[in-house]
Amino acid sequence: MARITASVYTSHVPAIGAALDLGKTTEPYWQPLFKGYEFSKQWMKDNQPDVVFLVYNDHATAFSLDFIPTFAIGTAAEYQPADEGWGPRPVPKVVGHPDLASHIAQSVIQQDFDLTIVNKMDVDHGLTVPLSLMCGQQDPVKGAWPCPVIPFAVNVVQYPVPSGQRCYNLGKAIRKAVESYDEDLNVHIWGTGGMSHQLQGPRAGLINKDFDNRFLDLLEKDPAAAAAIPHINYVREAGSEGIELVMWLIARGAMADAAGGPAPKVAHRFYHVPASNTAVGHLILENN
Ligand code: DHB
Ligand code: FE
């Protein structure tokens, strides 16, 4: 049967993608940030998953304001990179896992979460930047990402957005879904976005190190308390775009301890300010 063996949490700042693509990683501004991911790239090689279930948010690239799914699962065979801002990144297409994705959709919908099934979509920096940070740069044509990816898009852009508690509960349902899949697959679940940032209005540029580090502490040791943080606290303390952090709770809810199992092992933790307008947070948890 398939198993979730680890979860990864990371920011997705588009400027990180641009720094990678334009060869700026050794510049003084970027060097400390990329140093924090050296461990992670080696860890990915040493702990190669068969599939990554990648929770991220679309930034009006695949979904316009014409239709706004709260939770959307990608069931396609492949996805093309696309983006706002800097445009599509020069990275390989993302290969999906339609069979596992359809199985998860069936199981999670039967567990009473209404997912939107997406058979065709492009993926933006929300998905490709975490892949680059964890897997390193790949040739856009001759290269490939190391394994199939199931994109799982969460609406954190247009109100109303889902609560942290709902995201955490959804993670538990995803874990059950993965564990009811017959094939022996090693699955990693990633929660991406965050940490504190606000891109608009009078508080644009807001970063809250205290909130971010408390959130990382809770995510490690007391995820149920992290899940109980009300929506308004993210907005007040982590800024309007800090709400992206609820996506981390989906990945955290899929870990063994959320279902009464043993606590995870912390393989890596990293925090850095600033990257563009955000605080960058990163955590790797392994199921024991
Ligand atoms: C920035 C951060 C984001 O999460 C995003 O989606 C766009 C821009 C930024 O820091 O510039
Ligand atoms: Fe974002």
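**Exercise 1. Work out whether Ala60 is buried or exposed in this predicted model, and describe its backbone angle.**

*Step 1.* Start with accessibility. Ala60 has a relative accessibility of 56%. Exposed means over 50%, so Ala60 counts as exposed.

*Step 2.* Next, locate the residue. Ala60 sits in the loop between β2 (51-56) and β3 (71-74).

*Step 3.* Now look at the backbone. The phi of Ala60 is near 60°, which is a positive value in a residue other than glycine.

*Step 4.* Try the steps again on Asp112. This residue is in the loop between α4 (98-110) and β6 (116-118). Its phi, near 80°, is positive, and Asp112 is not a glycine. With a relative accessible area of 62%, Asp112 is exposed.

**Exercise 2. Find the residues that coordinate the iron ion (ligand 2), and explain what the pair His12 and Glu244 ties together.**

*Step 1.* List the donors. The iron ion (ligand 2) is coordinated by NE2 of His12, NE2 of His59 and OE of Glu244, at 2.1 to 2.3 Å.

*Step 2.* Write their spacing along the chain. The pattern is H-x46-H-x184-E.

*Step 3.* Place two of the donors in the fold. His12 lies in the loop between β1 (3-10) and α1 (14-21), while Glu244 lies in the loop between α9 (231-238) and α10 (246-253). The pair therefore ties together parts that are 232 residues apart in sequence.

*Step 4.* Check how covered these two residues are. His12 has a relative accessible area of 3% and is buried. Glu244 is buried too, at 5% relative accessibility.

**Exercise 3. Describe the surroundings of ligand 1 and the distances from its oxygen atoms to histidine side chains.**

*Step 1.* Collect the residues around ligand 1. Among them are His12, His59, His125, His197 and Glu244. The list also includes Ser276, Asn277 and Thr278.

*Step 2.* Add the distances, each from an oxygen atom of ligand 1 to an N or O atom in a side chain. For His12 the distance is 2.9 Å. For His59 the value is 2.7 Å, and for His197 it is 3.0 Å.

*Step 3.* Link this to the previous exercise. His12 and His59 are among the residues around ligand 1, and both also coordinate the iron ion (ligand 2).

**Exercise 4. Which residues of α1 and α5 are buried, and what lies at the ends of these helices?**

*Step 1.* Begin with α1. Its buried residues are Ala15, Ile16, Gly17, Ala18, Ala19 and Leu20. Since six of the eight residues are buried, α1 is largely enclosed by the rest of the structure.

*Step 2.* Look for the cover. The elements over the buried residues of α1 include α2 (31-35), α5 (125-135) and β11 (278-286).

*Step 3.* Turn to α5. Eleven of its eleven residues are buried; among them are His125, Pro130 and Cys135.

*Step 4.* Inspect the ends. At the N-terminal end of α5, Asp124 acts as a cap, with a side-chain oxygen 2.9 Å from the backbone nitrogen of Gly126. After α5 comes Gly136, with a positive phi near 80°. Just after α1, Gly23 has a positive phi of about 70°.

**Exercise 5. Trace the order of the open sheet of three strands and say which strands stand at its edges.**

*Step 1.* Read the order, which is β5-β4-β7, with mixed pairing.

*Step 2.* Identify the edges. β5 (94-95) and β7 (122-123) each have a single partner strand, so one side of each is left without a neighbour in the sheet.

*Step 3.* Examine one pairing. β4 (residues 78-81) runs parallel to β7, and two bridges join them. Opposite Pro81 you will find Val123 in β7.

**Exercise 6. Describe the largest nonpolar core and the contacts of Phe53.**

*Step 1.* Give its size and centre of contacts. The largest nonpolar core has 55 residues, and Phe53, Phe152 and Phe215 have the most contacts inside it.

*Step 2.* Ask which element gives the largest share. Helix α6 (residues 164-179) does, with seven residues.

*Step 3.* Follow Phe53. Beyond four places in sequence, its contacts include Ile73, Ile104, Phe152, Ile174 and Trp190.

*Step 4.* Keep the other core apart. A second, separate core has 27 residues, including Leu54, Tyr79, Trp190 and Ile284.

**Exercise 7. Locate two cis peptide bonds.**

*Step 1.* The bond from Gly194 to Met195 is cis, with omega near -15°. Met195 belongs to the loop between β9 (186-192) and α7 (209-221).

*Step 2.* The bond from Val273 to Pro274 is also cis, with omega near -10°. Pro274 is in strand β10 (residues 265-275).

Definitions and conventions
Residues are numbered from 1 along each chain as its sequence is written. Chains are lettered from A and ligands numbered from 1 in the order in which they are written. Side-chain values use heavy atoms; hydrogens and water are left out. Donors are N, O and S atoms within 2.8 Å of the metal (3.2 Å for Na, K and Ca); water is not among the atoms, so sites may look incomplete. Helices (H or I, at least four residues) and strands (E, at least two) are DSSP runs, numbered from the N terminus. Buried means under 20% relative accessible area, exposed over 50%, partly exposed in between (1.4 Å probe, protein chains only). Two strands pair if DSSP finds at least two bridges between them. A nonpolar core is a set of buried Ala, Val, Leu, Ile, Met, Phe, Trp, Tyr and Cys residues joined through side-chain atoms within 4.5 Å. Contact means heavy atoms within 4.5 Å. A residue is near a molecule or strand if one of its heavy atoms lies within 4 Å of it. A polar contact is a pair of N or O atoms within 3.5 Å; within protein, one must be able to donate a hydrogen and the other to accept it, and residues adjacent in sequence count only if both atoms are side-chain atoms.
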